[in-house]
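Colleague: I have a model open and want to learn how to read it. Where do we start?

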Amino acid sequence: MSHNLGAHGALDALSVGIMRKKVNWVLAADIRDCFGSFSHEWMAKFLQHRIADRRILRLIKKWRRAGVLEDGEWSETEKGTPQGSEISPLLCNVYLHYAFDLWVQHWRKHRAMGEVIVVRYADDSVLGFQYHVDAERFLREWRERLQKFGMELHPDKTRLIEFGRFAVRNRKQRGEGKPETFNFLGFAHICGVSWKNGKFFVLRKTIRERLLAELEQVKAALRMRMHQPLAEVGKWLRSVVQGYFNYHAVPGNFASLWSFRFEIRKRWLHVIRRRSQRSRMTSELLEQLAVRWLPIPKILHPYPMVRFDAKYPR
């Protein structure tokens, strides 16, 4: 279980767990409407267990029941916590700590026959199992556990797949295709091999839908900035592209970074040419602008085991 980690810490822990432990099956799961579905009654019990100051508890209760204002109509929050509230992620983590974290640690020690790894980030969880029978049993009992606390797994975002160092070989022997992939924190996770030594490696690539959604947002913003000076737009685009690289520039994802930069450049040229029917902007001139303003892709994050071992020396 990864505690108090940022997104990249959770991604590192997951990759290292899959590569170093006996993982043959992966369960990727998402809790449906996590912020909006937890029980106020259970939350009160959990908070009382952690917080002794009654004034703080009263304040949190007011936050929880802040309600929602829609079309001028106010309605009280009967369960969950208001979407967008700053305290919502914190309350969600407290709730899942008791409803999931403590329980899954006990399950792993006392119920599992093989090895189990667990990584949770907010309401997204990925678990790795040595045995398929453990994975199926866990999923069944987890659903029952969540029901007790007023929650359920999202049916479209919860998948149990064969994944790990033997998945390619086993599926080939059975005459099946490549192992399925799973998504976690913006990356598709793929069974791959290291170009250094040919050993099993968890390859991570930006989820295509996420990349396209980001490009759509940039396209819409470029239209609004159509008549701004080129240098001003260039500065803004530089921050957008660099921000994208800061998160997605992990080993193995180089092609996705170049794809993002190329698509940004293409959309910028399109908008510049629309500014004027007599625009003389050529691809060569745009390339000069791109060289000046659009950062060149480079890998910014270390390999997962390097950063993980630095944080948690054995």
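Modeller: Start with a residue that has an unusual backbone. This is a predicted model. In it, Leu-185 is buried, with a relative accessible area of 12%. Its phi is positive, about 55 degrees, although Leu-185 is not a glycine.

Colleague: Where does Leu-185 lie?

Modeller: In the loop between β7 (182–184) and β8 (187–193).

Colleague: And Ala-122: what is notable about its phi?

Modeller: Phi of Ala-122 is positive too, near 55 degrees, and this residue is not a glycine either. Ala-122 sits in the loop between β4 (116–121) and β5 (124–129). It is partly exposed, at a relative accessible area of 30%.

Colleague: Now the whole chain. How many helices and strands are there?

Modeller: Twelve helices and nine strands. The chain has 314 residues, and 46% of them count as buried. Its accessible surface comes to about 17900 Å². Carbon and sulfur atoms hold 52% of that surface.

Colleague: What share of the contacts joins residues at least 24 apart?

Modeller: Take contacts between residues at least 6 apart in sequence; 68% of them join residues at least 24 apart.

Colleague: How do I read a single helix?

Modeller: Begin with the general rule. An α-helix has 3.6 residues a turn, so residues three or four places apart point the same way. Then take α10, residues 254–275. Check its length: at 1.5 Å a residue, its 22 residues should span 32 Å. The end C-alpha atoms are 32 Å apart, which agrees.

Colleague: Which residues of α10 are buried?

Modeller: Buried means under 20% relative accessible area. In α10 the buried residues include Leu-257, Phe-260, Ile-264, Trp-268 and Ile-272. Charged residue types are on the list as well, among them Arg-261, Glu-263 and Arg-265.

Colleague: What covers the buried residues of α10?

Modeller: The cover includes strand β9 (200–206) and helices α8 (208–224), α9 (230–248) and α11 (283–293).

Colleague: Is Trp-258 of that helix buried or partly exposed?

Modeller: Partly exposed, with a relative accessible area of 35%. Trp-258 helps make a nonpolar surface patch of about 360 Å². Its partners there are Phe-254, Ile-296 and Ile-299.

Colleague: Last, the cysteines. How many disulfides does the structure hold?

Modeller: Zero. Look at burial for two cysteines. Cys-92 is buried, with a relative accessible area of 2%. Cys-191 is buried as well, at 15%.

Technical notes. Residues are numbered from 1 along each chain as its sequence is written. This is a predicted model: local features need pLDDT of at least 70, side-chain atom pairs count only at pLDDT 80 or more; totals for chains, interfaces and linings use all residues. Side-chain values use heavy atoms; hydrogens and water are left out. Patches are made of residues with over 30% relative accessible area and no salt bridge: like charges are joined within 9 Å, nonpolar side chains (Val, Leu, Ile, Met, Phe, Trp, Tyr) within 5 Å. Accessible areas come from the Shrake-Rupley method with a 1.4 Å probe; for residues, only the protein chains shown count as cover. A salt bridge is a side-chain nitrogen of Lys or Arg within 4 Å of a carboxyl oxygen of Asp or Glu. Helices (H or I, at least four residues) and strands (E, at least two) are DSSP runs, numbered from the N terminus. Buried means under 20% relative accessible area, exposed over 50%, partly exposed in between (1.4 Å probe, protein chains only). A disulfide is a pair of cysteine sulfur atoms within 2.5 Å. The expected span of a helix is 1.5 Å times one less than its number of residues. Contact means heavy atoms within 4.5 Å.
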